[in-house]
Amino acid sequence: MMETGQPVQAPAEADQYADEFVQDEYEMGPAQEAQYEAYTDNATLAVFSEKSQAQVLQLLQSGQSGVEGVAEAAFRINKQMVATMEQSGEKPTEITLCLGGAHLVSELIALASAAGLYDLSEEERKQAFGLAIQKFFADGFEIYSKQGPDAPGAIDPVKTQKTFDALLTPEQRQYGMQMAKEQGISLTEPPTGLFAQAQQGGM
């Protein structure tokens, strides 16, 4: 464990695990790319800045395992970043949440390792991302269903299904289903529910 008061610097390849979670290539238009880059810049600042890192390290230790700790930290950080974006008049797309979430989870995994908290295996890293994404979207779906599509934090389940089909590997969708079941998280919006194709054997 690092010494108190000594923030961990961002490793050179802190986002190295992101490609484990999502498809290797995805074409983004200029506006989408700008939003994604702003999200990932803010994620790096949230994880590695001296101002916030002590709280992030506490979040990383808040679960019963490293997988749960990373997922909870990602969920909390993402929720705050989304609120800040919406306050400035910009709503993050499902693409930003998925690809940006992969970047955020990767950096949290790197921080946990650099700080001496724990090292996750490849399977655990995929479980952490699956659980984090489930948390992101379960929260957004609940807001959508109770308060409507224009409510702060609301996420459209139909758009999300299409995004997940395009971005997540069948394996990662399976990890998402597995972690949701273990944590009692329900993403069963009609007509098919998130990760349904993985349950049926792939894309």
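Is Glu122 buried, partly exposed or exposed, and what is the relative accessibility of this residue? In this predicted model, Glu122 counts as partly exposed, at 43% relative accessibility.

Good morning, colleagues. My subject today is the salt bridges.

A search of the whole structure finds 7 of them. I shall discuss three, starting with the residue just named. Glu122 pairs with Lys126, and their closest N and O atoms are 3.2 Å apart. The two residues are 4 positions apart in helix α6, so about one helical turn separates them. Lys126, unlike its partner, is buried: its relative accessible area is 7%, against the 43% of Glu122.

The second pair belongs to helix α4, which covers residues 66-87. Here Glu72 forms a salt bridge with Arg76, with 2.7 Å between the closest N and O atoms. Again the spacing is 4 residues, about one turn of the helix. Glu72 is buried, at 15% relative accessible area, while Arg76 is partly exposed, at 46%.

The third pair links two helices. Arg125 forms a salt bridge with Glu20, and the closest N and O atoms lie 2.8 Å apart. Arg125 sits in helix α6, residues 122-147, and Glu20 in helix α1, residues 18-21; the pair therefore ties together parts that are 105 residues apart in sequence. Arg125 has a relative accessible area of 11%, which is under the 20% cut-off, and so this residue is classed as buried.

To close, I return to the residue of the opening question: Glu122 is partly exposed, and its salt-bridge partner is Lys126. Thank you.

Terms used
Residues are numbered from 1 along each chain as its sequence is written. This is a predicted model: local features need pLDDT of at least 70, side-chain atom pairs count only at pLDDT 80 or more; totals for chains, interfaces and linings use all residues. Side-chain values use heavy atoms; hydrogens and water are left out. A salt bridge is a side-chain nitrogen of Lys or Arg within 4 Å of a carboxyl oxygen of Asp or Glu. Buried means under 20% relative accessible area, exposed over 50%, partly exposed in between (1.4 Å probe, protein chains only).
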